[in-house]
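Visitor: I am new to this structure. Please take one part of it and go through that part closely.

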Amino acid sequence: MSSAMLLPASSSSSSFFLAPRAPTTKLFMCCGNVAASATLPLSTKGGQFIRPHLLDLAPYTPIEPFEILSARLGRLPKDIVKLDANENPYGPPPEVLEALGSMEFPNIYPDPESRRLRTMLAKDTGLEAEHILVGCGADELIDLIMRCTLDPGDKIVDCPPTFTMYAFDAAVNGASVVKVPRLSGFALDVPGIVKAVQEHRPKLVFLTSPNNPDGCLVTDEELETILQLPILVVLDEAYIEFALEPSRMQWVKKFDNLVILRTFSKRAGLAGLRVGYGGFPLSLIEYLWRAKQPYNVSVAAEVAACAALTNPIYLETVKNALVKERDRLFSKLQEFPFLQPYPSHANFILCSVTGAKSAKQLKAKLAKEGVMVRHYEKEELKNFIRISVGRPEQTDTFLSALAKVA
């Protein structure tokens, strides 16, 4: 079709025939006996169809998957100690693999309301199913909230350093970000948030407890103060299980401007299957139901999440093992003079790399030893590394590699 165009067979007919393309491309439209034409450019580029605010969007930088790491490092996956993405090193309960192996009806579209999973989540969280929405990871729910609330030009409040998807999704949705940087020790600047809301009138504020990448908690007093502001508060509790403190899922029944997000990625070891969920006020959730994709949670994802919830003893045992190993790792990191580890309530530990050492170079040297960690070189977080908590033997391998490259 590239060398021809559609022309009307006659002025009185709606049929078309193929004719050779002329040097100047014209579009003919028949309206009764009147033919109108419009000259089009000889060539087009895909970018001209993109929304203007997306043309300069910086892509999100994800962590490399195992198979790519394996090829790049020249090591088998089993020989790589992956401590860079806060994944659960123990994996899901055995019931998950059994359920996936006997999964029925993968050829049928999934339940668009994830009713079985929401019923089980209601029992697990104590929050009624009517308040719960499930997504393809909590990331989908972050984007869904923004799509339902933000008009182009609206603003959100972000508290860096924190999970970068908040600012990324705001940019995708045509919103701008009002930054309220964290205080010394990564505490929230609550007066700064209050001032930002008063001056900029944003629609959303994103908080994370425990916060990624430092592991700090949001206190009840801080949250209650922010909830008094005319703004929708999204509290991300992706790592709450490791904090040994209760979730605030129940709070959504008290505050109409509060959303709580949770995930199966960390607690249940299902990062690869993408299952997140949230607690919402009833006055808000009805609109998200209207806008969400109908089959957003796959059959496999729902089967796996439901199976994981049938073994709470396994989930609790793994959580306790990771908390214990986190405390051991923190103690060991304090023995390295060029690292300043920060206390964490999550399944990772953030360290400032001090002296003349470079966090980027330290990460590269560890990678050559088959150990992967995350490093940061941003305005609010310069020369830091973050280490995910692994199994004891993974911690030992990491510490040996760290001592070797120091």
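Guide: What follows is a look at one sheet and at helices that go with it. The model is predicted: local features need pLDDT of at least 70, side-chain atom pairs count only at pLDDT 80 or more, and totals for chains, interfaces and linings use all residues. Residues are numbered from 1 along each chain as its sequence is written, and side-chain values use heavy atoms, with hydrogens and water left out.

Helices (H or I, at least four residues) and strands (E, at least two) are DSSP runs, numbered from the N terminus. Two strands count as paired if DSSP finds at least two bridges between them. The open sheet has seven strands, in the order β6-β12-β11-β10-β9-β7-β8, with mixed pairing. Its edges are β6 (132-135) and β8 (176-179); each has a single partner strand, so one side of each is left without a neighbour in the sheet. From one strand to the next, the twist averages 25°. Axes here are lines fitted to C-alpha atoms, for helices over the stretch in contact, and angles run from 0 to 180 degrees between N-to-C directions.

At the β6 edge, the partner is β12 (residues 276-279), antiparallel to β6 over four bridges. There G135 stands opposite G276 of β12. Helix α3 (residues 115-125) lies across β6, β11 (258-263) and β12, at about 120° to β6. Helix α7 (residues 220-227) also packs on the sheet, touching β9 (204-208), β10 (232-236) and β11; contact means heavy atoms within 4.5 Å. The direction of α7 makes about 150° with that of β10.

Helix α3 is also among the elements covering the buried residues of α9, as are α2 (94-101) and α10 (312-333). In α9 (residues 299-309), 10 of the 11 residues are buried, that is, under 20% relative accessible area with a 1.4 Å probe and protein chains only (exposed is over 50%, partly exposed in between).
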